Amino acid sequence: MHSNLKFKIATSLFAYLLTALYAAKLGLFAFSSPVLAQAEITSPNYIIQMPNLNSGAGLPKSTNYNVSTTIGQNAAGLFSSNGYRVKAGFQYIYSIIPFSFTISSVSINLGHLVAQTPSTTTETLTVGSGGAGGYQVKASENHPLKVISSGSTIPDTNCDTSCSESAAGVWSSNSKYGFGFNMSGNDIPGDFINTTYYRQFADRSISESPQIVMSSIYVGTSRQSTITYKVNISGTQRPGIFTNTIMYTAIPSY
Amino acid sequence: MFIVVCLEIGICCLKFAKPTFAQEVSLSISPPITEITIQPGKSFSQTFTVKNDGEPVVIVPAVLPFVPLDKEGHVELVEDQNSVTAFAGWFTFDPAPVSLGTTGSHDYYLKVSPPAGAEEKDYYFTFIAEVQNDNNLGFTNSQSQVRVGANILVNVSKDGNPQKKASIIKFAAPQLIDSFTGLTYEVLIGNSGYSFFKPIGKITVDQIFGSTSVLNLAPLNILVGGEREISCIQGENLIPCKLPGKFLIGIYRSNLSFTIDGNGESVEKQIYTIAFPFTILFGLIIVFIFYRAVRKSKS
């Protein structure tokens with residue numbers, strides 16, 4: 001009987017301790033914490049901008065009109081006298097912050113190609129959209145890698161089994177040939193699961209639409225991704241100097 | 001003699017070594033967006049500043065129409081020649097290539113002039129600065145070409161008061177949640193009017209017999225005929241519309257309310273969510289079952 005009572009007490013204490021530990025882990029004690037609508041949020045990617053009037057470039061200029069920039073309210077009298085009404089920049093960001101895009105290297109040297117020995121090289125894409133509610137970067141090639149003089153090409157890869165300009169696939173076999181790319185880092189498409197997943201570039205010569213390679217809906221000052229180019233040729237590939245151009249178009253959200 | 005031969009081989013290797021072309025390209029453009037309401041037949045000049053923070057480049061400008069790509073504010077450039085030519089008379093700017101050195105910048109003066117007979121509606125464009133390069137490097141390579149853009153939203157209107165109309169396509173949150181999972185809202189607003197607008201408003205969350213919280217909507221542009229997912233805003237940061245707090249319990253009445261550009265009647269919708277500590281209850285049940293089982297085995 002005495003041991004039975006001890007067991008009941010121990011079990012009850014265990015149940016209480018379990019509940020208390022769980023609640024303590026989440027910061028809840030005897031009373032609920034108040035709900036704070038404006039709790040401070042910080043992020044290593046964002047900088048909270050202080051209001052700052054930017055009187056530099058970007059504000060409207062005209063030699064024919066008295067220029068005014070209205071923010072917020074309509075200005076009916078102003079519109080009828082000038083014939084227009086303009087807002088520059090984003091309403092919720094008090095200073096006009098430029099939108100920027102950087103590629104670490106313009107020329108991607110694919111080296112001296114050896115049959116069934118894939119050649120890879122990388123570059124970094126960086127987007128600064130501190131002045132925009134999001135952005136996107138699209139990519140496309142003017143044509144597959146080609147010898148301009150002869151027209152001989154290295155086709156876009158089909159990976160080990162299949163891949164396209166919109167869906168990545170595993171490309172790890174040295175007996176699968178072609179040209180493609182992999183991505184890693186911020187704001188990249190979700191089908192680049194790991195470093196073995198590759199896509200083709202959208203080919204403008206056959207009217208394929210440019211593909212999104214980076215995209216976000218949030219403000220960010222430095223969003224970075226790494227793009228890895230890969231090319232592999234067969235033993236029957238004709239020799240030559242193969243070239244193409246990858247166009248990257250970076251545009252902020254509206 | 002041996003040293004001379006080695007030196008000569010070394011010099012030859014250097015001479016025929018693969019050239020390295022680091023050549024970082026880094027462009028910025030400002031302002032990233034311009035919104036214009038303008039009478040047909042009138043003109044307005046906007047200045048776009050393009051700055052180069054990388055290796056010297058040559059850039060050329062262009063203006064291309066765009067259509068909305070998705071519900072997140074991304075654009076789809078329309079680059080077919082007919083569409084571009086259709087608006088050729090609307091824009092005046094210097095198309096000549098410009099050489100930009102490192103840290104160099106250039107101001108493009110873009111004059112926007114909708115013709116007198118332009119239909120009163122929205123027109124959307126992107127001002128593009130494109131880096132020019134050629135690929136005559138003499139070895140197998142893939143060359144990167146860069147374009148950066150800035151969006152221009154144009155509403156042509158004779159009186160400056162185009163009809164604007166909004167609708168709440170979706171305002172949703174789970175009806176039943178665990179107390180520890182948090183409460184996140186989805187807001188999707190549509191534009192069935194004749195001009196782009198921004199929703200100015202908030203989500204007010206009343207905890208029945210508790211406190212009130214407010215989430216401010218981000219004033220993001222919604223284009224004509226389109227829909228846009230609206231996030232919330234804190235300061236200058238866009239954030240998900242999520243109720244702060246680690247533990248929620250009770251009934252929450254959430255009211256979405258906004259006006260078009262801060263004017264006129266508000267558009268509203270209300271939903272309810274019940275938060276209950278299911279995980280705690282589940283844990284207690286497990287403990288109780290365990291206790292009963294042990295007690296049974298003892299007896």
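**Domains, strands and sheets of chain B**

Colleague: What distance separates the centres of domain 1 of chain B and domain 2 of chain B?
Modeller: Bear in mind that this is a predicted model. The assignment gives chain B a domain 1 in two segments, 25-134 + 145-156, and a domain 2 covering 166-280. Taken over C-alpha atoms, the centres of domain 1 and domain 2 of chain B are separated by 34 Å.

Colleague: Which elements give two or more residues to the side of domain 1 of chain B that touches domain 2 of chain B?
Modeller: Nine residues of domain 1 of chain B are in contact with 12 residues of domain 2 of chain B. On the domain 1 side, the elements giving two or more residues are, in chain B, β9 (122-132) and β10 (141-156).

Colleague: And by class, how many charged residues sit on that side of domain 1 of chain B?
Modeller: The side of domain 1 of chain B that touches domain 2 of chain B has three nonpolar and two polar residues. As for the charged residues there, the number is four.

Colleague: Is chain B spread out or compact, and what is its radius of gyration?
Modeller: Chain B has three helices and 22 strands. For 299 residues the globule rule gives 19 Å, and chain B is well over that, so it is more spread out than a compact globule, with a radius of gyration of 30 Å.

Colleague: What does the C-alpha trace of chain B span along its principal axes?
Modeller: Buried residues make up 37% of the 299 residues in chain B. Of the contacts in chain B between residues at least 6 apart in sequence, 69% join residues at least 24 apart. Along the principal axes, the C-alpha trace of chain B spans about 100 × 80 × 30 Å.

Colleague: Which edge strands does the eight-stranded open sheet have?
Modeller: The order is β9(A)-β12(A)-β4(A)-β2(A)-β1(B)-β3(B)-β8(B)-β6(B), with antiparallel pairing. An edge strand pairs on one side only, and here the two are β9 (178-185) of chain A and β6 (91-92) of chain B.

Colleague: On the chain A part of that sheet, what is the bridge partner of A:Ser184 in β12(A)?
Modeller: β9(A) and strand β12 (residues 223-232) of chain A run antiparallel and are joined by eight bridges. In β12(A), A:Ser184 has as its bridge partner A:Thr226.

Colleague: Which residues of strand β3 of chain B point to the face where side chains are buried?
Modeller: In a regular strand, side chains alternate between the two faces of the sheet. Strand β3 (residues 44-52) of chain B does alternate: B:Ser45, B:Thr47, B:Thr49 and B:Lys51 point to one face and are not buried. Pointing to the other face, and buried, are B:Phe44, B:Gln46, B:Phe48, B:Val50 and B:Asn52.

Colleague: Which residue stands opposite B:Leu27 in β3(B)?
Modeller: Strand β1 (residues 25-30) of chain B and β3(B) run antiparallel, joined by four bridges. Opposite B:Leu27 in β3(B) stands B:Asn52.

Colleague: What is the bridge partner of B:Lys51 in β8(B)?
Modeller: β3(B) pairs with β8(B) in the antiparallel sense over eight bridges. Within β8(B), the partner of B:Lys51 is B:Ser105.

Colleague: Why does B:Lys111 count as partly exposed?
Modeller: B:Lys111 lies in strand β8 (residues 105-112) of chain B. Leaving out residues up to four places away in sequence, B:Lys111 touches B:Ser43, B:Ser45, B:Phe91, B:Thr92 and B:Phe93. A buried residue needs 20 or more other C-beta atoms within 10 Å and an exposed one has 12 or fewer. B:Lys111 has 14 such neighbours inside 10 Å, so the class is partly exposed.

Colleague: How far apart in space are B:Lys111 and B:Phe93?
Modeller: In sequence, B:Lys111 and B:Phe93 are 18 residues apart. C-alpha to C-alpha, the separation is 6.5 Å.

Colleague: How many other C-beta atoms lie within 10 Å of B:Ile169?
Modeller: B:Ile169 lies in strand β11 (residues 166-172) of chain B. Beyond four places in sequence, B:Ile169 touches B:Leu188, B:Ile189, B:Gly190 and B:Glu227. B:Ile169 is partly exposed, and the number of other C-beta atoms within 10 Å is 15.

Colleague: What separates the C-alpha atoms of B:Ile169 and B:Glu24?
Modeller: Along the chain, B:Ile169 and B:Glu24 are 145 residues apart. Between their C-alpha atoms the separation is 44 Å.

Colleague: In the five-stranded open sheet of chain B, what is the average twist from one strand to the next?
Modeller: The order in chain B is β12-β22-β21-β15-β16, with mixed pairing. β12 (176-178) and β16 (212-216) of chain B are the edge strands. From one strand to the next, the twist averages 25°.

Colleague: Which residue is the bridge partner of B:Arg253 in β22(B)?
Modeller: Strands β21 (residues 250-260) and β22 (residues 263-276) of chain B pair in the antiparallel sense over 10 bridges. In β22(B), the partner of B:Arg253 is B:Tyr272.

Terms used. Residues are numbered from 1 along each chain as its sequence is written. Chains are lettered from A and ligands numbered from 1 in the order in which they are written. This is a predicted model: local features need pLDDT of at least 70, side-chain atom pairs count only at pLDDT 80 or more; totals for chains, interfaces and linings use all residues. Two residues are in contact if their C-beta atoms, placed from the backbone, lie within 7 Å. Domain bounds come from an automatic or database domain assignment. Ala, Val, Leu, Ile, Met, Phe, Trp, Tyr, Cys and Pro count as nonpolar, Asp, Glu, Lys and Arg as charged, and the others, Gly among them, as polar. Two strands pair if DSSP finds at least two bridges between them. Axes are lines fitted to C-alpha atoms, for helices over the stretch in contact, and angles run from 0 to 180 degrees between N-to-C directions. The radius of gyration is taken over C-alpha atoms; the globule rule is 2.2 Å times the number of residues to the power 0.38.
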